[in-house]
Amino acid sequence: MEKYKKIDEKIGEGYKLLERGQIIKACDVWLDAWEDIKTVMAADKVKDLPKLQGKYKWREFVMNYVQDLDDQLHNAAIEKPQYLSKRIRYCEELLELCGDKDELIIENTRRSIAESHYALGNKQECDRLFKMWLTDDPAWGWGYIGWADCYHYGTKSIEPDNVKADEIINSALREKNLRNRADVVDRAIEIYTALGKNQQAAELEKELKELSAASKGKTVSNTPVTVIKIGRNEPCPCGSGKKYKKCCGK
């Protein structure tokens, strides 16, 4: 159990560094712990991370740690862009080891990979990945949102392209069995407004109102809907302490 204890201590050290605002150092320690995890899993023939969770009494839930590492690699890349490549490599490995039961982790990790390629200026690879995953699962609402967001928000070095974002989000709206349609409609309203398509935005506001009422089992009223825009990496307004994308933004 000593090897598991050492990994657990490294993960704990990373959280302490994060509490002190030392994001880069926290990521480096966590990535080192990740290398140890891969080595241990291979040596002990542990199939996936959920199985690893049961091998030791971890202080931190393993599946929380792997998602937090993804988040913090994104934050580290704001200061040091080279961490985008590290994030891509890590997330690709995470997809192989996270198992096939937690669809939300799989979906969020896929988004992280494609978004990181976009941030590196590789729009072609970003598009290829989202197209591939959405071909396999055309009802993945947050997949369309993640793809559209790349172009809608842009980066420090890449100007927003709302025409492309409009094209992507419209392909989502045409999908009959779309999951999380209200979230997609919400994003479409934002993109339409940015493009000055006020009539289309108003029509979608009505649909969003109906979807909201239906989800709550209420009759639609004439009261305007107020939508709060929350970035996927901002704290969730529910007070959970988690990132929005890892909580209510799922």
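What percentage of the 250 residues of the protein count as buried? The figure is 46%, where buried means under 20% relative accessible area, exposed means over 50% and partly exposed is in between (1.4 Å probe, protein chains only).

Before you click around, note that this is a predicted model, in which local features need pLDDT of at least 70 and side-chain atom pairs count only at pLDDT 80 or more, while totals for chains, interfaces and linings use all residues. Residues are numbered from 1 along each chain as its sequence is written, and side-chain values use heavy atoms, with hydrogens and water left out.

**Whole chain**

Start with a cartoon view. You should find 11 helices and 0 strands; helices (H or I, at least four residues) and strands (E, at least two) are DSSP runs, numbered from the N terminus. Now for contacts, meaning heavy atoms within 4.5 Å. Among those between residues at least 6 apart in sequence, 54% join residues at least 24 apart.

**Stop 1: Tyr4 and Tyr56**

Next, show the aromatic side chains. A search of the whole structure turns up 10 aromatic pairs. Rings of Phe, Tyr and Trp (its six-membered ring) pair if their centres lie within 6.5 Å; planes under 30 degrees apart count as stacked, over 60 as edge-to-face and the rest as tilted. Select Tyr4 and Tyr56, a stacked pair with 6.2 Å centre to centre and 15 degrees between the planes. This pair links distant parts of the chain, 52 residues apart: Tyr4 belongs to helix α1 (residues 2-19), and Tyr56 to the loop between α3 (49-53) and α4 (62-79). Tyr4 is buried at a relative accessible area of 1%, whereas Tyr56 is partly exposed at 21%.

**Stop 2: Phe130 and Trp147**

Now pick Phe130 and Trp147. Their ring centres are 5.8 Å apart and their planes are at 15 degrees, so this pair is stacked. It also bridges distant parts of the chain, with Phe130 in helix α7 (residues 123-136) and Trp147 in helix α8 (residues 141-153), 17 residues apart. Phe130 is buried, with a relative accessible area of 0%, and Trp147 counts as buried at 8%. Add Trp133 and Trp140 to your selection: with Phe130 and Trp147 they form one aromatic cluster.

Trp140 leads you to Glu107 in helix α6 (residues 103-119). Which residues is Glu107 in contact with, leaving aside its neighbours within four places in sequence? They are Asp137, Trp140 and Arg179. Glu107 is buried, at 15% relative accessible area.

**Stop 3: α8 against α9**

Stay with α8 and bring up α9 (162-173). The two axes come within 7 Å and cross at roughly 170 degrees; axes are lines fitted to C-alpha atoms, for helices over the stretch in contact, and angles run from 0 to 180 degrees between N-to-C directions. That makes α8 roughly antiparallel to α9 (angles under 35 degrees count as roughly parallel, over 145 as roughly antiparallel, 65 to 115 as roughly perpendicular and the rest as oblique). Residues making the contact include Trp147 and Tyr151 of α8, and Lys164 and Ile168 of α9.

Zoom in on Lys164, which lies over the face of Tyr151 at 5.8 Å from the ring centre. A charge sits over a ring if NZ of Lys or CZ of Arg is within 6 Å of the ring centre and within 35 degrees of the ring normal. For another example, select Lys86: its charged end sits over the ring of Tyr83, 4.2 Å from the centre.

**Stop 4: α10**

Move to helix α10 (residues 181-194), where 14 residues reach 20 Å from first C-alpha to last, close to the 20 Å expected at 1.5 Å a residue. The expected span is 1.5 Å times one less than the number of residues. Its buried residues include Val184, Asp186, Arg187, Glu190 and Tyr192. What covers the buried residues of α10 includes α8, α9 and α11 (198-216).

**Stop 5: positive phi**

Finish with the backbone. Most residues other than glycine have a negative phi. Lys45, in the loop between α2 (23-43) and α3, has a positive phi near 55 degrees and is exposed at 76% relative accessible area. Asn180, in the loop between α9 and α10, also has a positive phi, about 55 degrees, and counts as partly exposed at 35% relative accessibility. After α10 comes Gly196, with a positive phi near 80 degrees.
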